[in-house]
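Biologist: Can you walk me through this model? I'd like to start with how it was handled.

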Amino acid sequence: MSMTSCYQYKLTEKLTILNDRGRGVLIRIYNIKKTCSDPKSKPAFLLEKSMESSVKYISKKFPNIDVRSSTQHLGPVHRDKAEIVRYLTSYYQSFVDVMEFRDHVYELLNTIDACQCHFDINLNFDFTRSYLDLIVTYTSVILLLSRIEDRRVLIGMYNCAFEMTQGHSDPSFARLGQMVLEYDHPLKKLTEEFGPHTKAVSGALLSLHFLFTRRNQGAEQWRSAQLLSLISAPPTMINPASSDTMACEYLSLEVMERWILIGFLLCHGCLNANPQCQKLWKLGLQGSLYITLIREEVLQVHKITEDLFGSLKGYGKRVTDIKESKEYVVNNSGQFHCQRRQFLRIAVKELETVLMDEPGLLGPKALLAFLALSFIRDEVNWLIRHAENVTKTKTPEDYADPHIAELLFLLEEVRGLIQRHIKVIQRYHLQYLARFDALVLSDIIQNLSVCPEEESIIMSSFVSTLSSLNLKQVDTGEKFDFSGLRLDWFRLQAYTSVNKAPLHLYENPDLAKVMNLIVFHSRMLDSVEEILVETSDLSIFCFHLRTFEKMFALSLEEPTMLRYAIVFPLICAHFANCTHEMCPEEYPHLKNHALHYCNSFLEDLAKQTSNCVLDICAEQRNLSEQLLPKHCATTISKAKNKKTMKHKQTPKKGEPERDKPGAESHRKNRSVVTNMDKLHLTLTELALTMNHVHSFSVFEHTIFPSEYLSSHLEERLNRAMVWLAGYNATTQEISRPSEVLAGVKAYIGFIQSLTQFLGADASRVIRNALLQQTQPLDSSGEQTITTLYTNWYLESLLRQASSGTIVLSPAMQAFVSIPREGEQSFSAEEFSDVSEMRALAELLGPYGMKFLSENLMWHVTSQIVELKKLVVENMDVLVQIRSNFSKPELMASLLPQLTGAENVLKRMTIIGVILSFRAMAQEGLREVFSSHCPFLMGPIECLKDFVTPDTDIKVTMSVFELASAAGVCCDIDPTLVAAIANLKADTSSPEEEYKVACLLLIFLAVSIPLLATDPSSFYSIEKDGYNNNIHCLTKAIIQVSAALFTVHNKNIETHLKEFLVVASVSLLQLGQEMDKLKSKNRESISLLMRLVVEESSFLTLDMLESCFPYVLLRNAYREVSRAFYLSRVSANAH
């Protein structure tokens, strides 16, 4: 064939286009196989019961299907013909693409044979690589086609539906059907087809011998050669890493293995004829049990080859070679690759450390970086293939590497270094091209003995292009594009590799060497990302997800690998590299896989990190808990009674002797590792992994690892704070607010100290968690400490206070438990004193306290509703009493007519208890607010002081609402006013509601004397209150009255004066009572009048003096004090 013909055949262009086209066709066939093998994605009509007969008929008769005379079998197809044509068109066209691809490959391979092309990977690298890639891609397409079980049905059903619709068969169907039949046994047919190409294929493969042998060296040989080491020879550290075959250096071992095994499988005739071919083939067989066709589709090479050769005559020795090679792989390859991975972990770590310290070395040593990436990628791919497919083995440890995360991490680190310092690489190689390569190439061109015009033009353009380069192009950020130069070199390789070429490349190896060097240097300017994908793409994980998850889980179990675990989410970004424009329908699935697993891995890492953080917080809380005053009291008590401790009783079961705080720091031996040490070590590793990258991209999505950690920390901190409360719904037990607050501070203190280590915004985490705890439910819908404490104080403390088990002691400013025989009760003062209320306010915050107040007010309003009902029941009698309260004779007849007076007092007392507790909680809030925000508390209190009785009620309530939110006590409780305002009945008029409010005070006033009959109504000087909590009546009367008359816009003072008068008259009439039982505690009850005045800002002692002489109060105090001291003396005497 003449040289002109070789130019016209455009071998370079055809190889380039067909390789890309073949890759797309292969992915489409793969996609069809995956779709049809999954019942969820398989075409629905293939699974329909009615289609079964049609499917069987088409499969049996394929490709000779008589559509017109087979209506009985093809009836369902005829019914859905339009839908079938629409749905199966893409499938059918993909099969047609396979047929057309096959035709073009045949044509090109025949052309190459006719041209008698010479292939040598060391010289015409691009030409040889493209040729071998095309053969492997074509073989993979045919093998994958034969693995689609439904291929006959898909093609046949489409053609039937097409013929039913159009009236004639599809033009491509006859050839397509024949092709499918021919490749039912693909390898047999393929070996027949490639017989004529044996010379070209074997020649290309033999050129790999030296390279493949060198790349198959073991870890010991690598170690002896100081492979990848920059510091083994310091004087040569800045010398450029160069080679006569630059592109071959980082060529994937997996790719070469695939070329050799598939190439000799197709052209097996040379194995018996050529010892060199046989030697290379056997070396290839000793590398892997499986080779990749595409993604997770593999070829069990020993089995396939043995089956094929076993059916051929004269291949008995080759079958023996296969068996020996397989046995060698099974026994040795696992350990062989394990040692290589171990070497790479050390060598690449050293390389990465040096390059990170001196990124300028990336210029001359860029090749070493890509070598490291290629080696790692080959080892990882080998491990993935075999871990997924080798299920039965005596040495499973060979296929599971617990340290794989470190190797993957190093790969990502080297990639990152190259990407960050790409300017360094560009500046170095631009100068290399312009000042060295161009000159060397020019000299070589001038020394060529023969140089045809076409080749001369191409090579001259190389020199001129390289000579025109200058550093300003890098400094200005100019985009380089040498794809034209590389394509011309590819063309030149083709021109100089044909048999009759005037200029043979194998006769001018220097030209090949320098051009291969130029190609590498040019790629360092414009194609660094492409080389990174070529040498370090791990998108294979997208199709081995089970292995991916196992490797991640294995890394989490290995403490030393935790710092590298972030690499697994980072690898998900590689999944974008396996997309192809010929199969766009894959894109959403690949994207979903990448995002799902990236999210899953980060969730697991964040969860483990937050668990570790919270475990340390719990330890810190335990240390903090040792410093609580209750433990100090025990120590003081023991020290005080030291002499009597000789005969001390043994500690109770479950109460071990406590170590003093700080004992955990005393160590006799540093090698003794505590639980805290282990947790800190684990946290250090996890912090390194979570803080490794600020963000990264996966399929156009920007991922922030710190956000995952923040989310989990927030969730765990919420749960931890609820756990600290220790609420037990069964026993109604809960921790004291002060203890919970101490625990929360210990948690927060530790988390704040981690801000710079974890990369998460600790302040935001703490702020959000604390804020959520002030709400009824957190972001997960779980109960918060606000809900728990609100429910507990209402259901436990206040309910028992209502029943008389707990008493409010104004003297102690706390609720006090009254122990009763046979009843177990908690110590109420431990949950309600001043310090506990402050702690509660600090835990719940203003929002939580508002929620607490609203719940308290709900109980108050429910009592008010019942009180109103009692008033309505006694309406007529109360109206008469209001008019005639100063007439003793008439009152004597009216009072017995009242019903439910004791109920009124009891309900009002309950309201008083609730309001008293709220006042204590508000005081705690005020103190906390004053401590945290004194600059805000001052103006609020000042604003409240400006409010006068003459101020507009709306303005007054607005100011009071502001003050109440800060915990400031107000004359009128805005929360109570709002709660009562919401109770207005639609059926009753405002006048009636107002009348009921007035009569409620009258009812209370005339009922107060009934309290004297209760033995518990004795005033206790010690508690400054009553054992039945009736001193809380005063707060209830004042606040409910103020709220009721504010709602009705009436004068509060007037109505309270009326109450004072009626109550005074009732108590004065009690003094005339002859029944001693009814007047038993008259003096104690009389003191309520002073308490009412002291509670209200609307009443004064002068007002009380006008209706209830102060001398009676003085006498009452004297009698109460005398009785109290007499009882104490008698108790002491007893």
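Modeller: Here is a short tour, from domains to helices, salt bridges and backbone.
This is a predicted model: local features need pLDDT of at least 70, side-chain atom pairs count only at pLDDT 80 or more, and totals for chains, interfaces and linings use all residues. Residues are numbered from 1 along each chain as its sequence is written, and side-chain values use heavy atoms, with hydrogens and water left out.

Biologist: Which domains is the protein divided into?

Modeller: Domain 1 covers 10-184, domain 2 covers 542-626, domain 3 covers 704-790 and domain 4 covers 867-1129. Those bounds come from an automatic or database domain assignment.

Biologist: What separates the centres of domain 1 and domain 3?

Modeller: 60 Å, taken over C-alpha atoms.

Biologist: Helices next. What about the end C-alpha atoms of α38, how many Å apart are they?

Modeller: Only 41 Å, although α38 (residues 834-873) has 40 residues. A straight helix would reach 58 Å at 1.5 Å a residue. The expected span is 1.5 Å times one less than the number of residues. Helices here are DSSP runs (H or I, at least four residues), strands are E runs of at least two, and both are numbered from the N terminus.

Biologist: Where does α38 bend?

Modeller: At G845, by about 105°. A proline, P846, follows within four residues. The bend is the angle between axes fitted to the seven residues ending at a position and the seven starting there.

Biologist: And α46, what span does it reach?

Modeller: From first C-alpha to last, α46 reaches 23 Å with its 16 residues. The expected value is 22 Å at 1.5 Å a residue, so to speak of a close match is fair by the definition of expected span.

Biologist: Is α46 mostly covered or mostly open, and how many of its residues are buried?

Modeller: Mostly covered: 16 of its 16 residues are buried. Buried means under 20% relative accessible area, exposed means over 50%, and partly exposed is in between (1.4 Å probe, protein chains only). I1037 is found in α46 (residues 1032-1047), and its relative accessible area is 2%. The C-alpha atoms of I1037 and E603 are separated by 56 Å, with their positions 434 residues apart along the chain.

Biologist: What follows α46?

Modeller: N1049, whose phi is positive, near 55°.

Biologist: New topic. How many salt bridges does a search of the whole structure find?

Modeller: It finds 55. The rule is a side-chain nitrogen of Lys or Arg within 4 Å of a carboxyl oxygen of Asp or Glu.

Biologist: Which residue forms a salt bridge with D244?

Modeller: K513, with the closest N and O atoms 3.8 Å apart. D244 lies in the loop between α12 (219-224) and α13 (246-249) and K513 lies in α25 (residues 509-526), so the pair ties together parts 269 residues apart in sequence. D244 is partly exposed at 44%, and K513 at 31%.

Biologist: What about E707, which side chain does it meet in a salt bridge?

Modeller: R764, at 3.0 Å from N to O. E707 sits in α32 (residues 705-725) and R764 in α35 (residues 762-773), so this pair links parts 57 residues apart in sequence. E707 has a relative accessible area of 38%, and R764 has 26%.

Biologist: Which helix holds both E854 and K850?

Modeller: α38; they are four residues apart, about one turn of the helix. Their side chains meet in a salt bridge of 2.6 Å, N to O. E854 counts as partly exposed at 39%, and K850 at 48%.

Biologist: Last topic, the backbone. Is the peptide bond from F62 to P63 cis or trans?

Modeller: Cis, with omega near 0°. P63 is in the loop between α3 (52-61) and α4 (71-79). Most residues other than glycine have a negative phi, and most peptide bonds are trans.

Biologist: What is the phi of Q226?

Modeller: Near 55°, a positive value in a residue other than glycine. Q226 is found in the loop between α12 and α13, and is partly exposed at 41%.

Biologist: And where is D1024?

Modeller: In the loop between β7 (1019-1020) and β8 (1025-1026). D1024 has a positive phi of about 60° although it is not a glycine.
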